[in-house]
Amino acid sequence: MLNLKIGLTKNPRFEPLADGSVKSSKVDLDITVTTPPELFYRNLKNDEFDVFEMSLSEYLITRELAQGERWQWRALPIFPAKAFVWLGLYVNAGAGIGGLADLRGRRVGVPDYVMTAALWFRAFLRELYAIEAPEVSWFIGRTKDLSHGGMLNVDAKPPRGVSLTWLESAQTFDVMLDRGEIDAAYGFAPRHDPKLFTLNIDRYGGTPLESNPRLKKLFADGGAAVVKSFFQKTGVVPANHVIVAQRRVLEANPWLGAELLSLFTQSKRIAYEKNNYRAPAYLYFDSMGRAEQEAMVGNDPFPFGIARNRAMLEMLFRNSNAEGLTQRLANIDEVFEPSLLDS
């Protein structure tokens, strides 16, 4: 029996795996569940897990910065979630922002510039409204010492032409939005169970969000319409994270990639059924019924494997390279575990 230390975020599709409902005869999984910002920080700083969930965008960057034994990872085509967190975007009510098209020339806050959701956010702006990253002034909500971008040297070498401003420890997006010091931001509203994290990475200043006349959510429908528009134009529903494994573990156990793909697939299928094909395990949005969603993306809305995700991955890789986050255009055959390239 192979013992593996696993790092995951709280995810309804992974609960059957985390609670032991899905088991393997080949591997024993010691699973740690925490939040995305803390898990990815730990991955970058400590590199402590054998198999772990990771930001897709940040993983691509580590491939170019890895030295010695640090960050010697390989991705498995297991995609835990969709890149929808930015759809919780708040705007200052007095800024005159009625939609994404109004963000050109604005001051916009994202938790981390390098995070996958922020990269997809910029892809939406580019694809739907021809707004390029340098046309927005970007504010980074995490302090440099806890920022993934800081750990990946983006503070020292920002993408060309892009304005990045890191918040100081006394600043938070909610307070700045309320005062009109920035125009829009996401990722600050409390959304994680405090029991799951020890580091206060995405900070909230306590500003009332409900019934606050100075703040409003940009998407009344949770972002369903803009996701449909993006899909209609590109054929892509963006994935946010990926499961990654230590290269040495995969090379020592050539069967492991297929076993992990099978375990995560079993967990996802059980979660679909357990949740009666509703949100949050199956439906993207509460406002979108099962029939409507399946007409758009089929009956597996969180697909694993290369084949069903190739177009999405290639778009992400292109955007990462075009923006200067990666210096070389990534290739699927180099990024993912070779034994799973036909999945």
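## Contacts and overall form

A contact here means heavy atoms within 4.5 Å. By that test, residues 24 or more positions apart supply 78% of the protein chain's contacts that have a separation of 6 or more. The model is predicted.

The protein chain holds twelve helices and eleven strands. Its radius of gyration is 19 Å, close to the 20 Å that the globule rule gives for 343 residues, so the chain is as compact as a globular protein of that length. Along the principal axes, the C-alpha atoms fill a box of roughly 60 × 50 × 40 Å.

## Burial and surface

Of the 343 residues in the protein chain, 55% are buried. The accessible surface of the chain is about 14,400 Å². Carbon and sulfur atoms account for 47% of that surface.

## The five-stranded sheet

Five strands form an open sheet. Their order is E2-E1-E3-E11-E4, and the pairing is mixed. Strand E2 (27-34) and strand E4 (73-76) stand at the edges. Each has a single partner strand, so one side of each has no neighbour in the sheet. From one strand to the next, the twist averages 35 degrees.

Inside the sheet, strand E3 (residues 51-55) and strand E11 (residues 241-246) run antiparallel. Five bridges join them. Across this pair, Glu53 stands opposite Ile243 in E11. Helix H2 (residues 36-45) packs on the sheet. The helix touches strand E1 (2-9), E2, E3, E4 and E11. The direction of H2 makes about 110 degrees with that of E3.

## Nonpolar cores

The largest nonpolar core has 85 residues. Trp86, Phe121, Trp138 and Phe336 have the most contacts inside it. Helix H4 (residues 116-129) gives the largest share of this core, eight residues.

Apart from this core lies another, of 21 residues. Its members include Ile6, Ile78, Val249 and Leu256.

## Around Phe336

Phe336 is one of the residues with the most contacts inside the largest core. What does Phe336 touch, not counting residues up to four places away in sequence? One group of partners is Arg74, Ala75, Leu76, Pro77 and Phe79. The others are Val242, Ile306, Leu313, Phe317 and Leu341.

Two sheet strands figure in this list. Arg74, Ala75 and Leu76 fall within strand E4 (73-76). Val242 falls within strand E11 (residues 241-246).

Definitions and conventions
Residues are numbered from 1 along each chain as its sequence is written. This is a predicted model: local features need pLDDT of at least 70, side-chain atom pairs count only at pLDDT 80 or more; totals for chains, interfaces and linings use all residues. Side-chain values use heavy atoms; hydrogens and water are left out. Two strands pair if DSSP finds at least two bridges between them. Helices (H or I, at least four residues) and strands (E, at least two) are DSSP runs, numbered from the N terminus. Axes are lines fitted to C-alpha atoms, for helices over the stretch in contact, and angles run from 0 to 180 degrees between N-to-C directions. A nonpolar core is a set of buried Ala, Val, Leu, Ile, Met, Phe, Trp, Tyr and Cys residues joined through side-chain atoms within 4.5 Å. Buried means under 20% relative accessible area, exposed over 50%, partly exposed in between (1.4 Å probe, protein chains only). The radius of gyration is taken over C-alpha atoms; the globule rule is 2.2 Å times the number of residues to the power 0.38. Accessible areas come from the Shrake-Rupley method with a 1.4 Å probe; for residues, only the protein chains shown count as cover.
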